[in-house]
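Please read these comments with the coordinates open. They go from the whole chain to single residues.

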Amino acid sequence: RTRPSSASNMSGKESGPIVRGGNEVLAACVAAREWELGTRALVELGKRRLAFDEQTYQQAIAILAERREGPRAVQLLREMQGRGFQARTAEYNHAMFACLDRHWATALELFHEVESGAVPGVRMDTGTTMAALGACRSGKKWQLASAILESARAQEVELSLVLFNAVLGVYAAAQQTGKVLETLEEMRFLGVRPDEFTYNTAIGAFAKVGDYRQAGQWLSIMTWEGVSASTVTYNCALNACANGGNPQRAAELFQEMRDRKVGVDHVTYGTLVHAFAKAGQWEGALRYLDEMRQSTSGIKPNNFVYCSAMSACNRGNESEMALKLLDQMREVDGLVPDQYSVNEALNACAKGGLCARALKILEVARAEGVVLDVISFNKALQACITTRRWPEAQDLMRQMAAERVAPDRTTHSLVEEVFLHGPPSNPAVDMESGQDGASSEERASGTDIGVATGLDKAGDRFDDSYKPDKEGVTSRAGALLGEPSPADTPSTLGTSISKAA
């Protein structure tokens with residue numbers, strides 16, 4: 001090691017051994033897949049202001065590819081070429097892979113350089129094609145996948161199983177099930193035998209669109225072709241049933257897994273419970289939740305499974321049961337609810353008009369370190385407004401502003417209800433009229449202030465036809481939420497009138 005301050009005073013004769021030693025270090029890091037150490041070695045070499053040689057560039061670009069540092073990898077590639085060193089196909093492939101996550105467009109530009117033959121000595125190979133297909137997937141440019149495959153064919157790149165699996169991944173991510181079927185047919189025509197990954201990708205594509213029939217058909221084909229279906233395969237098929245609204249078929253697949261002795265995991269049970277939840281069949285969801293809890297395989301429910309079960313209860317208007325599940329996951333299974341589970345419990349409070357319980361859930365969630373979002377406050381607001389608990393609703397708005405949670409359109413709809421209907425002028429009247437401020441006429445008619453104003457739906461979607469009919473409601477609500485009032489911003493009324501004229 002030499003101090004960086006003295007590196008600038010080194011002669012070329014002295015710096016050569018250091019560069020060669022640095023190359024040995026970089027090569028060792030690449031061989032051992034120690035990418036973080038390799039990056040640190042690059043930083044050390046950079047501090048010494050030493051001119052890289054060809055081997056240094058090659059190793060550096062390979063390390064940056066694994067670290068997904070696209071701009072830096074491309075910079076070194078261009079610097080390498082500018083200094084007269086010959087960039088190989090490997091350098092282009094590594095630079096493309098480095099750009100896959102956020103700089104996919106740059107990866108495609110590099111691919112076009114290679115494809116066009118503009119770089120002497122650089123030709124397309126399997127790695128180039130794979131990197132280009134990865135860029136298509138990251139950029140959601142599924143239309144380019146076929147053209148890239150044809151270009152590979154034209155440049156005599158072997159259309160292997162790996163390439164076809166990559167193409168299927170592009171189409172599956174874009175939910176292009178028609179192209180998935182075309183690709184599978186082309187594989188069959190060319191004699192490329194699918195493997196488990198192929199079938200999992202195809203079944204996963206049908207799962208995303210809820211086509212459980214196609215998913216089941218390809219599961220059967222997979223078995224018939226002698227490819228073993230794994231836990232991942234069945235989980236994809238179960239997800240297809242969940243998204244397609246067929247929990248009964250999901251239950252059949254689950255039994256098939258048992259009969260074939262295919263292992264189950266958290267995802268299996270979670271997806272099965274989710275299938276019944278989406279169909280609003282809370283009894284089925286709870287049945288499989290209980291079965292999971294009693295399992296001797298060591299698989300216990302997690303937040304996703306409980307959240308799905310609570311969602312099933314909410315869809316089935318079983319708010320009390322959903323809240324019991326929240327208590328059960330804490331007290332029996334020792335889980336700390338996450339944001340999604342807390343929001344599902346608050347949704348139960350909103351549906352059941354349980355303001356006090358909603359406020360308690362928020363309090364405990366904060367103590368447990370759960371980050372509350374706008375959905376959390378919207379559901380709690382809905383619970384308070386439905387039962388005409390105006391002071392609590394206003395306090396929630398202040399908490400929301402204090403915690404810097406940005407309101408959305410649903411929040412504004414709920415807040416305007418507070419100011420439109422306002423705190424009751426005579427609290428004694430509310431005490432006499434009945435529980436939570438509902439009048440005897442409202443209870444007799446089976447409605448309350450929340451139902452009458454559509455607040456039971458406000459938590460799920462915002463009605464664009466709703467307009468506040470009291471002057472100043474929006475500005476007062478915005479002020480309580482910590483937003484500037486309309487008076488603080490230039491009015492656009494005159495412009496609107498001019499355009500209308």
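The numbered points below cover the overall fold, one helix, the aromatic rings and two single residues.

1. Status and overall content. This is a predicted model. The chain has 30 helices and zero strands. It has 501 residues, and 46% of them count as buried. The accessible surface of the chain is about 25,100 Å². Carbon and sulfur atoms hold 51% of that surface.

2. Contact range. Take the contacts in the chain with a separation of 6 or more. Of these, 67% join residues 24 or more positions apart.

3. Annotated repeats. An unreviewed UniProt entry carries the annotation "repeat: PPR". According to that record, the repeats cover residues 160–194, 195–229, 230–264, 265–295 and 373–407. Two of these spans can be described from the model. Residues 230–264 are 74% helix and 0% strand, and their end C-alpha atoms are 9 Å apart. Residues 265–295 are 81% helix and 0% strand. Here the end C-alpha atoms lie 11 Å apart.

4. Helix 10, geometry. Helix 10 runs over residues 161–173, 13 residues in total. From first C-alpha to last it reaches 18 Å, close to the 18 Å expected at 1.5 Å a residue. After the helix comes Q175, whose phi is positive, near 60°.

5. Helix 10, burial. How many of the 13 residues of helix 10 are buried? Ten are, and the helix is mostly covered. The buried set is L163, F164, N165, A166, V167, L168, G169, V170, Y171 and A172. In an α-helix, residues three or four places apart point the same way, because there are 3.6 residues a turn. The cover over the buried residues of helix 10 includes helix 8 (126–139) and helix 9 (145–154). It also includes helix 11 (177–190) and helix 12 (196–208).

6. An aromatic pair at helix 10. The whole structure contains seven aromatic pairs. One of them joins W142 and Y171, edge-to-face, at 6.5 Å centre to centre and 70° between the planes. This pair links distant parts of the chain, 29 residues apart. W142 sits in the loop between helix 8 and helix 9, while Y171 belongs to helix 10. Which of the two rings is covered? Y171 counts as buried because its relative accessibility is 2%. W142 is at 23%, so it counts as partly exposed.

7. A ring cluster. F254, Y269, F276 and Y288 are joined into a cluster by ring pairs. R287 lies over the face of F276, 5.8 Å from the ring centre.

8. Q155. This residue is in the loop between helix 9 and helix 10. Is Q155 buried or exposed? Its relative accessibility is 18%, so Q155 counts as buried; the cut-off is under 20%. Setting aside neighbours within four places in sequence, Q155 is in contact with E115, R123 and M124.

9. A309. This residue lies in helix 18 (residues 303–315). A309 counts as buried because its relative accessibility is 0%. Beyond its neighbours within four places in sequence, A309 is in contact with V273, L286, L289 and L325. The C-alpha atoms of A309 and S341 are separated by 9.8 Å. Along the chain, these two residues are 32 residues apart.

Conventions
Residues numbered from 1 in each chain as written. Predicted model: local features only at pLDDT ≥ 70, side-chain atom pairs only at ≥ 80, totals over all residues. Heavy atoms only, no water. UniProt positions renumbered as here; feature names shortened; annotations may be inferred. Helix = DSSP H or I, 4+ residues; strand = E, 2+ residues; numbered from the N terminus. Expected span 1.5 Å × (residues − 1). Buried < 20%, exposed > 50% of the residue type's maximum accessible area, 1.4 Å probe, protein only. Contact = heavy atoms within 4.5 Å. Areas by Shrake-Rupley, 256 points an atom, 1.4 Å probe, with all protein chains shown as cover. Phe/Tyr/Trp six-rings, centres within 6.5 Å; stacked < 30°, edge-to-face > 60°. Lys NZ or Arg CZ within 6 Å of the ring centre and 35° of its normal.
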